[in-house]
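Hello,

Here is the structure you asked to look at. Please open it first, then read my notes below.

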Amino acid sequence: MNISATTDIDFITQCILANYDWLTDDGDTDPDMYFPPMGENITWVQVGEFGVFLLERRSHIMFECHTALLPAARGKAVDIGKQALKWAFENTPALRIITAVPETNPLALRMALKSGFIQYGINTGSFCKRGKLYSQFLLGINKGD
């Protein structure tokens, strides 16, 4: 599986828009206006033709991860997640990677847990979908786990 950092705006946008309903809350912009965040604290990781992972640096050693996989990843998501985490720990200064998964996305939660993330908390009422507040599961993994 080919994994590498990418700046391919078209592929990143394709992955995000394929998951737009899962990834966005009520305050987000219209999908037609979406443009991926870029900058020195952001690394987009492309996993073959399956999707992208956004790694956003939060401190010298901690990164926040967001996932956007295409339908071609069905049945392969856990392996893709494990490979992306391995790449991140080998190619960035990350010693810890965290993520937040809305309770409205049980498939993403299952993937994160099976990929090695450990739940450490719940951020109640932190995600708004169609006018209703939902909680997000907070998960993390340390290098070497």
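**Helix 1 and its start**

At the start of helix 1, aspartate 8 makes a polar contact: one of its side-chain oxygens comes to within 3.2 Å of the backbone nitrogen of aspartate 10. Keep in mind that this is a predicted model. Helix 1 has these buried residues: Phe11, Ile12, Thr13, Cys15 and Ile16.

**The sheet**

In what order do the seven strands of the open sheet run? The order is 1-2-3-4-5-7-6, and the pairing is mixed. Strand 1 (3–6) and strand 6 (118–129) are the edge strands, and each of them pairs on one side only. On average, neighbouring strands of this sheet are turned by 30 degrees against each other, direction ignored. Helix 1 (residues 9–18) packs on this sheet. It touches strand 1, strand 2 (42–47), strand 3 (51–57) and strand 4. The direction of helix 1 makes about 100 degrees with that of strand 3.

Now take two pairs of strands. Strand 4 (residues 62–69) pairs with strand 5 (residues 96–102) in the parallel sense, over three bridges. Glutamate 64 has isoleucine 98, in strand 5, as its bridge partner. Strand 6 and strand 7 are antiparallel, with eight bridges. Here isoleucine 118 stands opposite glycine 140 in strand 7. The hairpin of strand 6 and strand 7 has two residues between the strands. In this hairpin, arginine 130 takes a positive phi near 55 degrees.

**Helix 4 and serine 115**

Helix 4 lies across strand 3, strand 4, strand 5, strand 6 and strand 7 (132–142). It runs at about 15 degrees to strand 7. Serine 115 belongs to helix 4 (residues 106–115). Is serine 115 buried or exposed? Its relative accessible area is 8%, under the 20% cut-off, so serine 115 counts as buried. Its side chain reaches the backbone oxygen of methionine 111 at 2.7 Å. Leaving out residues up to four places away in sequence, serine 115 touches Ala77, Val78, Gly81, Lys82, Leu85 and Ile141.

**The cores**

In soluble globular proteins, nonpolar side chains tend to be buried together. In this model, the largest nonpolar core has 26 residues. Those with the most contacts inside it are Phe53, Leu55, Ile80, Ile97, Phe117 and Leu139. Strand 2, strand 3, strand 4, helix 3 (77–91), strand 5, helix 4 and strand 7 each supply at least two residues of this core. The largest share, six residues, comes from helix 3. Look at isoleucine 80: leaving aside neighbours within four places in sequence, it is in contact with Met1, Val47, Phe50, Phe53, Leu69 and Ala73. Apart from the largest core lies another core, of eleven residues. Among them are Ile12, Ile42, Trp44 and Leu54.

**The cysteines**

A disulfide is a covalent bond between the sulfur atoms of two cysteines. How many disulfides are there? The count comes to zero. Why does cysteine 65 have no bond to its closest cysteine sulfur? That sulfur is in cysteine 15, 13 Å away, and a disulfide needs a pair within 2.5 Å, so the two are too far apart. Cysteine 65 is buried, because its relative accessibility is 5%. Cysteine 128 is partly exposed, at 22% relative accessibility.

Best wishes

Technical notes:
Residues numbered from 1 in each chain as written. Predicted model: local features only at pLDDT ≥ 70, side-chain atom pairs only at ≥ 80, totals over all residues. Heavy atoms only, no water. Helix = DSSP H or I, 4+ residues; strand = E, 2+ residues; numbered from the N terminus. Buried < 20%, exposed > 50% of the residue type's maximum accessible area, 1.4 Å probe, protein only. Polar contact = N/O pair within 3.5 Å; in protein donor to acceptor, adjacent residues only side chain to side chain. Contact = heavy atoms within 4.5 Å. Pairing = 2+ DSSP bridges. Axes fitted to C-alpha atoms, helices over the stretch in contact; angles between N-to-C directions. Core = buried A, V, L, I, M, F, W, Y, C linked by side-chain atoms within 4.5 Å.
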